[in-house]
Amino acid sequence: PYDHFNGWISLHSYVHFGVNDDPELPYQLLPLAKRVLRPEYKDKEGRSFSMPSKVQPTSEPVLHDFAPGEIEVLQSGFLLKNNKIPANIAQAAYEAARGLDGKR
């Protein structure tokens, strides 16, 4: 959601926790195009998970709030393909990120 009053944006986190839905394993090392992304939720104890079968009425989506200027859009709207970022989108995001790094 976007807050028109102050310009903040809230994004629902999508994550790759692997087949065992384990947030402790280093899945961030997997290339973007190979990650299976699912919406991230947390239970009432604050533990993260992404398997749809674990969602309960007390589960909450994991949202990240960003102030204006705190977020860079590397790739605008795209659809996940089989819960994966399409390879051409992932490549474009890598290239855009490399371009940002060169400007800083």
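Leaving aside neighbours within four places in sequence, which residues is His16 in contact with? In this predicted model, the partners of His16 are Tyr27, Leu30, Lys34, Arg35, Val36 and Leu37. His16 sits in the loop that connects β2 to β3 (38-39). The residue counts as buried because its relative accessible area is 15%, and the cut-off for burial is under 20%. The side chain of His16 also makes a polar approach to the backbone. One of its polar atoms lies 2.7 Å from the backbone nitrogen of Val36. Val36 therefore appears twice in the surroundings of His16, as a contact and as the residue that supplies this nitrogen.

The overall architecture is as follows. The protein has 104 residues. Its secondary structure consists of seven strands and one helix. Read from the N terminus, the order is β-β-β-β-β-β-β-α. The C-alpha trace extends over about 40 × 35 × 25 Å along its principal axes. Buried residues make up 24% of the protein. The exposed surface comes to about 7,700 Å², with 55% of it supplied by carbon and sulfur atoms. Contacts were also sorted by sequence separation. Of those between residues at least 6 apart, 53% link residues at least 24 apart.

The largest pocket holds about 950 Å³ of space. Its lining comprises 32 residues, and those closest to the pocket centre are Leu11, Tyr14, Leu37, Phe78 and Ile85. Leu37 is also among the contacts of His16. By residue class, the lining has 20 nonpolar, eight polar and four charged members. Several elements contribute. At least two lining residues come from each of β1 (9-12), β2 (14-15), β7 (63-66) and α1 (87-103). The greatest contribution is that of α1, which provides four residues.

A second loop position, Gln75, has α1 residues among its partners. Gln75 is located between β7 and α1. With neighbours up to four places away in sequence set aside, Gln75 touches Ile89, Ala92 and Ala93. These three positions fall within the span of α1 (87-103). Gln75 and Ile89 are 14 residues apart along the chain, and their C-alpha atoms are separated by 7.1 Å. Is Gln75 buried or exposed? Neither term applies: its relative accessible area is 30%, so Gln75 is partly exposed, a class that lies between under 20% and over 50%. His16, by contrast, is buried at 15%.

Terms used:
Residues are numbered from 1 along each chain as its sequence is written. This is a predicted model: local features need pLDDT of at least 70, side-chain atom pairs count only at pLDDT 80 or more; totals for chains, interfaces and linings use all residues. Side-chain values use heavy atoms; hydrogens and water are left out. On a 1 Å grid over the protein atoms alone, a cavity is a set of points where a 1.4 Å probe fits but cannot get out, and a pocket is an open set with protein on both sides within 12 Å along at least five of seven lines; lining residues have an atom within 4 Å of a point. Grid points are joined across faces, edges and corners, and a volume is the space filled by probe spheres set on the points. Ala, Val, Leu, Ile, Met, Phe, Trp, Tyr, Cys and Pro count as nonpolar, Asp, Glu, Lys and Arg as charged, and the others, Gly among them, as polar. Buried means under 20% relative accessible area, exposed over 50%, partly exposed in between (1.4 Å probe, protein chains only). A polar contact is a pair of N or O atoms within 3.5 Å; within protein, one must be able to donate a hydrogen and the other to accept it, and residues adjacent in sequence count only if both atoms are side-chain atoms. Contact means heavy atoms within 4.5 Å. Accessible areas come from the Shrake-Rupley method with a 1.4 Å probe; for residues, only the protein chains shown count as cover.
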